[in-house]
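Colleague: I would like a close look at a single part of this model, and after that a short account of how the rest of the chain is arranged. Could you take me through it with some care?

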Amino acid sequence: MQIENRKPLRGYLYIASATFLWGVAATLGRAAFTGRILLTGQTIHPIDPLILSQSRATFSFIVLLFVLVLLRGWGRLRLPAADLRRMFVLGILGVAASNYLYYLAIQRTNVATAIILQYTAPVWVLLYTIARGLQKPTLQRAAAVGLAVTGIALVIGIFGSGGFRLDAVGVMAALGAAFSFAFYNIGGHSILARYGRWTVLLYVLLSASLFWTIVNPPWKIVAAHYSGDQWLFLLVFSLISVLAPFSLYFAGLQHLEPTRAIVVSCLEPVFSILIAAAVLGEVMRRLQTVGIVLVLVAIVVVQLPDRRLHEEVTLVEPME
C-alpha cells in the first residue's frame, strides 16, 4: 500500500524536475542571446535563436538515436512512409517552428512574456476542438478562454499607465509559438496512440534537424566561426532543454495520468519566471504578474474534465 502511495508522489517529483530544467533552459537561452553566459571564466558571444534551435534539435537527435539503436536496434525504429510524412510535418510545423519562435520571443522580449504566451496553447487547442465539434462549449471553458485573453492583455501591457511597450515582433513570435505548440498537440495525439513517445520524439527531432539544415546549411555554420565555448554551451543546452527533461517527464507519466501531469507541468512558467528574475534580474510589473496568474489559472481550468460531459482536453508533453 505504501509503495502504491509513493507512485503519484514520484510522478509529481519527476515532472516538477523536468519543468525546472525547462525553466533553466529558458533563462540560459535569454542569457545566450545577450552574451551573459560564462564558460571557462570568459563571457561567450551572443548566439542567434536560429542556431540555438538548430543545434538543440540536431544534438538531441544524434544522442537519442544512438541510445535507441543501442537499446532497441534499427528494426524497431522503422515507420511506414505515410506515418513518416506525418512525423515530418509535425516536426517542422510543430517542433521546429515553436522552438524558433519561442526563443525569438525570449530574445526580443523577456522570459516571462515568451513562456506565458506560449503556454496559452491549451486555450487554442480547446477553441479548435469546440470549432470541430469534438468538445462542447461550457461555462467552464468559456471562463478559461476569458481568463486567458485577459491575462495575455495584462502580460503584454495593453492595459496600464505605460501602455504597450513590448517588442511587437517578440509578442507575435510568442503567440506564433503557442499556435505551433497547439498544432503539435492536435497532430500528435493520433501518432502517440500508435507509437512510443521516444520514437515520436526521435522522428520529430530528425525532421526539425533536416529542416534547419536546409534553412541554415553546414557551410553557413562553419562561416559563422563559433568558438569552442559556444559549441560546448550548445551541446549542454540541448541536454538540459530536451533529453534530460523529457526523460524525467516520461518517467512521471508512468506514475500519473496525463491530466495531472499537464497541470504539474504548469510549474514551468513559474520556474522560468522566478529563475530569470533571480539570475537575469527580469522583474515583472504588478499588472503583468496578475496576468501571469490569470493565464496559469486558465490553463488549469482548461485541463479539468467536465463532470457532466466526461470530457477533457489533454495535451501531449511540452517541447520548449
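Modeller: The part I have chosen is T109, which lies in the loop between α3 (81-108) and α4 (111-118); please keep in mind throughout that the model is predicted. With a relative accessibility of 9%, T109 counts as buried, because the cut-off for that class is under 20% relative accessible area. Its side chain reaches the backbone oxygen of A105, at a distance of 2.5 Å. If neighbours within four places in sequence are set aside, the residues in contact with T109 are R30, A114, D167, G170 and V171. One of these, D167, is 58 residues away from T109 in sequence, yet the two C-alpha atoms are 6.0 Å apart in space.

From this loop we can turn to the chain as a whole. The protein chain has 13 helices and two strands, and buried residues make up 52% of its 320 residues. Among contacts in the protein chain with a separation of 6 or more, 85% are between residues 24 or more positions apart. The accessible surface of the chain comes to about 14700 Å², and carbon and sulfur atoms account for 67% of that area.

On that surface there is a nonpolar patch of about 650 Å², made by V63, F66, V67, L70, L71, L235 and L239. Two elements, α2 (49-72) and α10 (228-253), each give two or more residues to the patch, and the largest share, five residues, comes from α2. L239, a member of the patch, is found in helix α10. At 34% relative accessibility L239 counts as partly exposed, since this value falls between the 20% and 50% limits of that class.

A last element to examine is helix α12, which covers residues 267-280 and has 14 residues. From its first C-alpha to its last, α12 reaches 19 Å, close to the 20 Å expected at 1.5 Å a residue. The buried residues of α12 are E268, P269, S272, I273, I275, A276 and L280, a list in which a glutamate and a serine appear beside the isoleucines. Just after α12 comes G281, which takes a positive phi of about 75°.

Technical notes: Residues numbered from 1 in each chain as written. Predicted model: local features only at pLDDT ≥ 70, side-chain atom pairs only at ≥ 80, totals over all residues. Heavy atoms only, no water. Patch = residues over 30% accessible without salt bridge, like charges linked within 9 Å, V, L, I, M, F, W, Y side chains within 5 Å. Areas by Shrake-Rupley, 256 points an atom, 1.4 Å probe, with all protein chains shown as cover. Salt bridge = Lys/Arg side-chain N within 4 Å of Asp/Glu carboxyl O. Helix = DSSP H or I, 4+ residues; strand = E, 2+ residues; numbered from the N terminus. Buried < 20%, exposed > 50% of the residue type's maximum accessible area, 1.4 Å probe, protein only. Contact = heavy atoms within 4.5 Å. Expected span 1.5 Å × (residues − 1). Polar contact = N/O pair within 3.5 Å; in protein donor to acceptor, adjacent residues only side chain to side chain.
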